[in-house]
Amino acid sequence: MQLIDANLLFRKLRKNLGDKNCEFAPEHIDEIIAAYLNFQPIERQIDANNDPVGIAVQIFDNSDFGYHKVTIERPDRRRAQFSAERLESLRFDKSLREPMEQLWAEHGEAVYTPGFLKSQTKAIQAWCDEREIALNTKQRAKLIDTESWVAQRDLIKVGMQLMQAIGTEETADFNAFSEQVTKVLKASKIKLSATEKNAILNAVSWYSEDAVKVIDKSIFLTKAELATLGERLGCEAADLADFGLYKQPDGSYLTYASSGDLRDTESVPLKDSIHRYFRAEVKPHVDEAWINLDTVKIGYEISFNKYFYRHKPLRSLDDVTRDILALEQKADGLIADRRSCLRALLRADFFERGLSERPVAARQRNPDKAQRNGSVEHYSYEDIYG
């Protein structure tokens, strides 16, 4: 692929055409066409002031512009504790929290009365429009569905039962906490969907750096499965931790739940190895991170600044100092010249107005006598203009 940077080839228009104030001259067009047809790199020229001039051309492979967009995961670490305040957040659907909070604050228990919310449809829509809250058809239907409100209230009741059985002690081991919740639900014969159970667990837990990593699952892999997995990932069995598989003493492999807030992405050049890049650029800074190859995407980007920008060295301190001193001397000379001209103009104005300096001398010798005699005071040039 050929990139031609001709942004320094232009001539100014005599009159602007809208936002356009310059154009290619015929000789510029000829130079661009010649560069295109030659298909050879051209180094940009530098003038006497060390500024770039003329045209520049570079030749690349298509893959030079490509990159892998790789997701970098980090483990979730959570603390957990039951409390009535945290469970109260279950009253509102996460995607409809703001309008549901408004309805609850305004109408209270009436929202659980069959048919009541449908009578508030226009008022709800007006409230959302006023605050520029856009709801799709499914969300609007769910917002006025009494059964949805009741289901959210039932989750609070289940959470309260769990709190009575488990207690309100805070724990840094979310894995043990989750297992305990599962046991209590099973013992109480309470059936919850995975979504409902996760809603309760998320309501009473939060991320904490000093907490235990949250385990996603534990798996056993045969030698054949390990070989296939290593071939797909392009790594040895000892490097599986870089891809989120952590070997345990019993031979199993653990995977950890990832934290959405800590998730990051890296752009790895197509010509580079994702694993090599990760080991060199990510692992030294975030030891517990891993690569999520399932989300890798390929993209392309062409940035002219990246390929054609040339750094212009800064001037030396001595050169800058000399210029500043020269400007100061020039400025002092201009100020002195202006001051002399101003004084000459003021002196001419003084004498044109017929002012005399001699009475002033008499006044200065005996000001009290001049005051008593009522003589007219005259001022000197220096008195008036300094």
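User: How much space lies in the second largest pocket?
Analyst: About 420 Å³. A pocket here is an open set of points on a 1 Å grid over the protein atoms alone, with protein on both sides within 12 Å along at least five of seven lines. Points join across faces, edges and corners, and the volume is the space filled by probe spheres set on them.

User: Which residues are closest to its centre?
Analyst: Phe243, Gly244, Leu245, Thr255 and Asp294, out of 19 that line the second largest pocket. To count as lining, a residue needs an atom within 4 Å of a point. The largest share, five residues, comes from strand E14 (290–300). Strands (E, at least two residues) and helices (H or I, at least four) are DSSP runs, numbered from the N terminus.

User: Is this model experimental or predicted?
Analyst: It's a predicted model, with residues numbered from 1 along each chain as its sequence is written; local features need pLDDT of at least 70, side-chain atom pairs need 80 or more, and totals for chains, interfaces and linings use all residues. Side-chain values use heavy atoms, leaving out hydrogens and water.

User: OK, what about the largest pocket, how much space is in there?
Analyst: About 500 Å³. It has 18 lining residues, and Leu90, Phe92, Lys94, Gln152 and Ala199 lie nearest its centre. Helix H8 (194–203) gives the largest share of that lining, six residues.

User: And which residues line the largest cavity?
Analyst: Among them are Val70, Ile72, Glu266 and Phe278. A cavity is a set of points where a 1.4 Å probe fits but cannot get out. This one has a volume of about 40 Å³, and the structure holds one cavity of 30 Å³ or more. Helix H10 (274–282) gives the most to its lining, with four residues.

User: Switching topic: how many aromatic pairs are there?
Analyst: The count is 10. Take Phe65 and Tyr307: their ring centres are 5.5 Å apart and their planes are at 90 degrees, so the pair is edge-to-face. Rings of Phe, Tyr and Trp (its six-membered ring) pair if their centres lie within 6.5 Å, and planes under 30 degrees apart count as stacked, over 60 as edge-to-face and the rest as tilted.

User: Where do those two sit in the chain?
Analyst: In distant parts, 242 residues apart: Phe65 is in the loop between strand E6 (56–59) and strand E7 (66–73), while Tyr307 is in helix H11 (residues 304–308). Ring pairs also link Phe60 into a cluster with Phe65 and Tyr307.
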